[in-house]
Every structure is written in structure tokens, then in C-alpha cells.
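Here is a report on the fold of one protein chain. Keep the sequence and the structure in view while reading.

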Amino acid sequence: MRKSGILMPVSSLPSKYGIGTFGKAAYEFVDQLHKGGQSLWQILPLGPTSYGDSPYQSFSTFAGNPYFIDLEKLTEDGLLTKKECDACDFGENPLYVDYGRIYESRFALLKKAFARFDAKKEEGYDVFFEENAFWLEDYALFMAVKNSFDGVSFEEWDDDIRKRKPEAMQKYKKQYQSEIDFYVFLQYEFSKQWSALKAYANDKGIQIVGDIPIYVAFDSSDTWASPELFQFDSDLKPIAVAGCPPDAFSATGQLWGNPLYNWEYHKETGYAWWMKRFKHCFRMYDIVRIDHFRGFDEYYSIPYGSETAQNGEWQKGPGYELFDVMKKTLGRQNVIAEDLGFLTPSVYKLVKKTGFPGMKILQFAFDSREESDYLPHNYSANSIVYTGTHDNDTLLGWWESLSRKDKAFAKKYMNIRRDKDVTWTFIRACMASVSDTAIIPMQDYLELGKEARINTPSTLGENWKWRMAADAFTDELAERISEMSRLYYRNV
């Protein structure tokens, strides 16, 4: 069945209090998706962000970002007052997230809400805690201890708690019980609000496409609580870390710094941790996009302490076995394989064996020097086509930066006669393609330029900030999207 959807991070939704949330604007966005004849809403990872504000570097692979908890809903529940929310400074520009001000204001408000919260009166609280205890207790303790050490990475904590000595664990649990309870409260509110929003979307015929990063952050409750899952030495320091080798885009490669998995251990345990992780994601989302899929075939291993990614080497990953276990344990699930970048024959073989659809990015297609797999005439039906992803510039921003030869080739291939037709011509090409699914970033439907770019890989400081204007997703735009979808049988 052919279908289409929109890529729109939760953080990019409009809201009164500085960042997109699970509040009124999210429900209105779902309504507009429905009016636009769309059946998919793709988001970015929902985990709590750390330094750099990237959703791909989270304090926990299971936890949710407290920033997405809607303050107006907490006000309706009697946990906050409108006056308290309005008094906080969340930044002045409604089109960008000011993470510094959000951090300073949000947690102070959430602490006030927690002080008025009574878990005994919440019907679903005990059930939520019981279902999530396998990660929640460690995460809440991790955050409480981190705060007691002024937010530094757990590698800088005192050895007794860094290494989870029993007496230290008991001491910190007792000393910071209130702080621990606060972080449990945040996850409960996050889960309650997200579940309600997802149910609303599903009722409207909208499926949520979620995102699972292949790696976890080094400074996370996952690594602290379960170091045996990773390639750590006896002092809990990484032996090697993740990244990408040098290529045409970077002479020194990309040094991500995430710890690598101890795949031998995972194999011995029947991939038990991965099954918990996948199960959690399949409960959170209707469809899961697995980031950096090629890393399951082979992963790039860089010695810990390296200043660049130049001295790394490729190592064998778990391959199909992991996904075979997943299918046998959790049944057949809806998965998208993020198979972008340089792919070897063995990666192609792995993607094909799983049966998961891969990704096609139209912006990658127009290299005047050679034919590309990303040109629409080379697509297969079992694929997801995008104009661009969160790592790409917007279509207009990308178009402005194209070389003269590549732009000439694109104009000829796409039959573009006027630059003002660029965005919708590319959207049309995605919709008309044989790919079963087409997903378009919201910025492209809004015909925005480089000012609306979500992320520029390997840079810090200006990413993950863009927000949509409150009145941007109009009924007229929804109708135009619906018409385009109907034309190419993606809204039938």
C-alpha cells in the first residue's frame, strides 16, 4: 500500500513555552496531517538530551525528554499555575529553541509540579513504575547522583558510586530519595502525555515513525548501570569508540565517541538487552527507523583517546542473527533501515535478508559525474523516499549551494524551468516514485531556506533549534498536500 507522511521533530512544534511539547500544538499538527491525507508522522528520538542538545546523545536509551512534557497540561492537572509558567523566561524568538534558558526555567517549574504531585492518587503510577523498573530505577538514580556531582560525566564521580559499590548505592539512594522520585515523576508524566498523543494520532489514522540511535551516549545510565554490554576495560573506560572513517566530506573522519558494544556478550545472553530496547521502541512507536543500520554488519572501531577517526578499523557486527532473534522474540515488526552512506555488498545483503525497507534521499541523487542509486528511476517499491532528512539542508538551502554542473543536471532531469518551482517539483518526484512510502520534511512543505535546517553533522552550537511558526501549517497547505498525495495514490 502506497502512503506518505511528514518529518517533523516534536521540539520543532510551536508552543508558548520555548520548545515543542506534547501539548495543544501537537494535537493540531496531527489534525493537519489528517486534513492533508497523510498517514505517517516521523519524529526524532525522544530521549533526554545532554551536551549539544542532540537527540542522538541521550542520558538514557529508554527515558523520555522532560522538555516535551506540556506545562499547560500540568496546569490543567493543578500541578502548576499559568502565572508561574508565564513568569519564566524561555527565550524571545518563537522560531528557535533557546536551550540555555529552557534548561534554567523548565526544571524549576517541574520541581514545583513535583512538590504538588501525589503518586497515591494516580491510578496508573504503580503500573508504570512496575513495567519500567528494569531501566527506570537506574536512570533516576543516575540523574540524582549526576546532579550531586554538579552534572559532570559519571567517569568523574567518586570511585565507589562510579563502580556501583553496594554500600555507595545504598548511601546515595537514601540521601537523594526525593531527587530520585522527581525523575520517576518526570518519566511518568512524559509517558502519560505521549501515550495520549500517540493514541489520538492513531485514532486519526496517523502512525508514528520513531527513531532508535544505534549507539548510546558514553555518559548515560545505560553504560553506568550495565558496563558489561560495552567494550570497557576493568576501570570502566572505553577500549574503543564509534565513528566514521575519512571520506570525501571529512579528511579526518568523524569521531562520535560513543562506546562500542561487546557483541560477544550480547550473543551469549541471546541479545536480551537489545530485545528489551526493541520492545520498548515498538511500544512507543508504530514504525521504528534504525539509525546507522550498516553498523550491525560492520562497525568502525577507533582506539579510545584518538583525536581523529583516522586510525580506526572495521570490525564485524552481529549481522542478521540479531534481527532473526528479534523476529522470533517480538514477532514481525515495522522497521526502516537507515542504510545511507557508503555501503558494501555485505550491507546490501543484510538489508535484503531482513526485508526492511531502506531509505532514498533525493538530495543525494544529483552528482553530474555519475549515475546515482538515489535517482528515482533506480528506486524499488520496498523503500522510503525523502527529499532530505534531519541531517540535510532544506531543499531550498541545498539548491542554493549546488554546483553549477550539478544544478544543470538536476534541472534537466527534473524538468525545472524556474527556480521558484524547485521545492514542489522535488516533492512531486518523491510522491510519483515507485517507493511505497514518501516522507517530506515539514520545512520543505513550508518552502523554507537554510535558516530552517535542523542539523549540520559534526558541528555544535546551532543544531536542533528550528521551530515552526504557529500559523504556518494552514488548511490551504494541508489541502495542497492532500491533493498531491491523492494524485499519486498515497491518500486513497
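## The antiparallel sheet

Four strands make up an open sheet, ordered S5-S4-S7-S8, and their pairing is antiparallel. Its edge strands are S5 (254-259) and S8 (313-316), each of which pairs on one side only. From one strand to the next, the twist averages 50 degrees. The model is a predicted one.

One edge can be followed residue by residue. Strand S7 (residues 298-303) pairs with S8 in the antiparallel sense, over four bridges. Tyr300 has Trp314 as its bridge partner in S8.

Strands of a sheet pair through backbone hydrogen bonds, either parallel or antiparallel. The next sheet takes the parallel option.

## The parallel sheet

Eight strands form this open sheet. The order is S9-S6-S3-S2-S1-S12-S11-S10, with parallel pairing. Strand S9 (335-337) and strand S10 (358-361) are the edge strands, and each pairs on one side only. Neighbouring strands are turned against each other by 25 degrees on average, direction ignored.

The table lists three pairings in this sheet, with one residue pair from each.

| Strands | Sense | Bridges | Residue pair |
|---|---|---|---|
| S10 and S11 (residues 383-386) | parallel | four | Gly358 and Ser383 |
| S11 and S12 | parallel | three | Tyr386 and Ile439 |
| S1 (residues 3-7) and S12 | parallel | five | Ser4 and Ala438 |

Start at the S10 edge. Gly358 stands opposite Ser383 in S11. Strand S11 is joined to S12 in turn, by three bridges. There, Tyr386 has Ile439 in S12 as its bridge partner. S12 also pairs with S1, over five bridges. In that pairing, Ser4 stands opposite Ala438 in S12.

How many of the five residues of strand S12 are buried? Five of the five are, and the strand (residues 437-441) is mostly covered. Both of its faces are covered. Thr437, Ile439 and Pro441 are buried on one side, and Ala438 and Ile440 are buried on the other. Two of these residues have already appeared as partners: Ile439 for Tyr386, and Ala438 opposite Ser4.

## Helix H11 and Phe278

Helix H11 covers residues 272-284. Its 13 residues should span 18 Å at 1.5 Å a residue, and the end C-alpha atoms are 19 Å apart, which agrees. The expected span uses one less than the number of residues.

Many side chains deserve a look here. The buried residues of H11 are Trp273, Trp274, Met275, Arg277, Phe278, His280, Cys281, Phe282 and Met284. Arg277 and His280 are among them.

Take Phe278, which lies in this helix. Is Phe278 buried or exposed? Its relative accessibility is 0%, so Phe278 counts as buried; the cut-off for buried is under 20%.

What surrounds Phe278? Leaving aside its neighbours within four places in sequence, Phe278 is in contact with Ile212, Ile290, Leu322, Phe323, Met326 and Leu330. Phe278 and Gln333 are also 9.7 Å apart in space, C-alpha to C-alpha, although 55 residues separate them in sequence.

## Helices H12 and H13

One contact of Phe278, Phe323, also takes part in a helix pairing. Helix H12 (residues 320-330) packs against helix H13 (residues 345-354). The angle is about 10 degrees, and the axes are 10 Å apart. H12 and H13 are therefore roughly parallel to each other, since angles under 35 degrees count as such.

Which residues of H12 and H13 meet? Tyr320, Phe323 and Lys327 come from H12, and Leu350, Lys353 and Thr354 come from H13. The residues of this contact divide into three nonpolar, one polar and two charged.

## Two residues with positive phi

Two loop residues are worth checking in the backbone. Asp53 has phi near 65 degrees, a positive value in a residue other than glycine. Asp53 sits in the loop between strand S2 (40-42) and helix H2 (71-76). Its relative accessibility is 22%, so Asp53 counts as partly exposed.

Leu236 also has phi near 65 degrees, again positive in a residue other than glycine. Its loop runs between helix H9 (221-225) and strand S4 (240-244). At 14% relative accessibility, Leu236 counts as buried.

How values were computed. Residues numbered from 1 in each chain as written. Predicted model: local features only at pLDDT ≥ 70, side-chain atom pairs only at ≥ 80, totals over all residues. Heavy atoms only, no water. Pairing = 2+ DSSP bridges. Axes fitted to C-alpha atoms, helices over the stretch in contact; angles between N-to-C directions. Buried < 20%, exposed > 50% of the residue type's maximum accessible area, 1.4 Å probe, protein only. Parallel < 35°, antiparallel > 145°, perpendicular 65-115°, else oblique. Contact = heavy atoms within 4.5 Å. Nonpolar A, V, L, I, M, F, W, Y, C, P; charged D, E, K, R; others polar.
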